Amino acid sequence: MKTITIISGSYSLSSRLNGLIEFIDHYYSQEIHLNFIHVHQLSAKALITADYSDPSILQANQLVEESQGVIVATPTFKASYSGILKTYLDLLPQHIFDNKVVLPLAIGGSSAHLLILKYALEPVLSELGAQHIVHAVYTLDSQIKRRDGGGFELDADAGKRLSAALDYLKKLLAEPLMTKVTRF
């Protein structure tokens, strides 16, 4: 069974970003093993002091290392991805995304910020070795509704776009990657 690690750059579990994560969890159900890294739950001191040796950082990094795919999800703040996500990405080993398929996701209040994925997040993912980046998905906050009994619901358009990206990610995980990265 293939493994995907989801890295969430949200500041809480009640964020609408978790609506995307909940959707992914239900979508893949039993066919893909999912690991979850909620960056705000890692050691704050380790994040702020860049303590690469902290057990919570080491454990999170190991989940990423052992995965075939990675989903990086972030809310949009000040026309960029979250600071807490950047803090964690800075603690990942230099080429950790080599030979992995990466799907960037973001949510925000306005479609005016959808380019944060292409011009802010994707360059950092590439710097970490990502060569197989699935076309990013940007979702508006208004497309994710909170259910009265808990949980979230995506509107039809958002669900369709995210489903297409998840299908493509799953397809790439099932095939050998055309370009294997070897570093000397």
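User: Which face of α3 carries the exposed residues Pro55 and Gln59?

Analyst: Pro55 and Gln59 sit on the face turned away from the buried side of α3. Keep in mind that we're looking at a predicted model. Calling them exposed means that each has over 50% relative accessible area.

User: And which residues of helix α3 are buried?

Analyst: In α3, which runs over residues 55–65, you'll find Ile57, Ala60, Asn61 and Val64 buried. Looking down the helix axis, these buried residues fall within an arc of 100°, so they line one face of α3. They pack against β1 (3–8), β2 (33–38), α2 (44–49), β3 and α4, and a contact here needs heavy atoms within 4.5 Å.

User: How do you know that the 12 residues of helix α1 span what they should?

Analyst: Take 1.5 Å a residue: the 12 residues of α1 (17–28) should then span 16 Å, and the end C-alpha atoms are 17 Å apart, which agrees. As for burial, Leu17, Asn18, Gly19, Leu20, Ile21, Ile24 and Tyr28 are the buried residues of α1. Just after the helix, Ser29 has a positive phi of about 40°.

User: How does the reach of helix α5 compare with what's expected at 1.5 Å a residue?

Analyst: Helix α5 (residues 116–127) has 12 residues and reaches 16 Å from first C-alpha to last, close to the 16 Å expected. Right after α5 comes Gly129 with a positive phi, about 105°.

User: What puts the buried residues on the same side of α5?

Analyst: The residues in question are Ile116, Leu117, Leu121, Glu122, Val124 and Leu125. Around the axis they cover an arc of only 155°, which puts them on the same side of α5. The other side has Tyr119 and Glu127, both exposed. As for partners, the buried residues of α5 pack against β3 (69–77), β4 (80–81), α4 (83–89), β5 (101–108), β6 (132–133) and β7 (137–140).

User: Why does Glu122 count as buried or exposed?

Analyst: Glu122 has 13% relative accessibility, so it counts as buried; the cut-off for that label is under 20%. Its side chain also meets that of Lys118 in a salt bridge, at 3.5 Å from N to O. That pairing passes because the limit is a Lys or Arg nitrogen within 4 Å of a carboxyl oxygen of Asp or Glu. Lys118, at 47% relative accessibility, counts as partly exposed.

User: What separates Lys118 and Glu122 in helix α5?

Analyst: About one helical turn, as Lys118 and Glu122 are 4 residues apart in α5. An α-helix has 3.6 residues a turn, so residues three or four places apart point the same way. You get a similar story in helix α6: Arg161 and Asp157 are 4 residues apart, again about one helical turn. Their closest N and O atoms are 3.2 Å apart, and they form a salt bridge. Arg161 is partly exposed at 29% relative accessible area, and Asp157 is partly exposed at 41%.

User: How many salt bridges does the structure hold, and which parts does the Lys170 and Glu31 pair tie together?

Analyst: There are 6 salt bridges in the structure. The side chains of Lys170 and Glu31 meet at 3.0 Å, N to O. Lys170 lies in helix α6 (156–174) and Glu31 in the loop between α1 and β2, so the pair ties together parts 139 residues apart in sequence. Another set, Glu22, Arg147 and Glu153, is linked in a network of salt bridges.

User: What makes the nonpolar surface patch of about 340 Å²?

Analyst: Leu114, Leu115 and Tyr119 make that patch. Patch members need over 30% relative accessible area, and Leu114, partly exposed at 40%, clears that bar. Leu114 sits in the loop between β5 and α5.

User: What about Thr139: buried or exposed?

Analyst: Thr139 has a relative accessible area of 1%, so it's buried. You'll find Thr139 in strand β7. Leaving aside residues up to four places away in sequence, Thr139 touches Leu20, Ala106, Ile107, Gly108, Ile144, Ala158 and Arg161.

Note on methods: Residues are numbered from 1 along each chain as its sequence is written. This is a predicted model: local features need pLDDT of at least 70, side-chain atom pairs count only at pLDDT 80 or more; totals for chains, interfaces and linings use all residues. Side-chain values use heavy atoms; hydrogens and water are left out. Helices (H or I, at least four residues) and strands (E, at least two) are DSSP runs, numbered from the N terminus. The expected span of a helix is 1.5 Å times one less than its number of residues. Buried means under 20% relative accessible area, exposed over 50%, partly exposed in between (1.4 Å probe, protein chains only). The arc is that of the directions from the helix axis to the C-beta atoms. Patches are made of residues with over 30% relative accessible area and no salt bridge: like charges are joined within 9 Å, nonpolar side chains (Val, Leu, Ile, Met, Phe, Trp, Tyr) within 5 Å. Accessible areas come from the Shrake-Rupley method with a 1.4 Å probe; for residues, only the protein chains shown count as cover.
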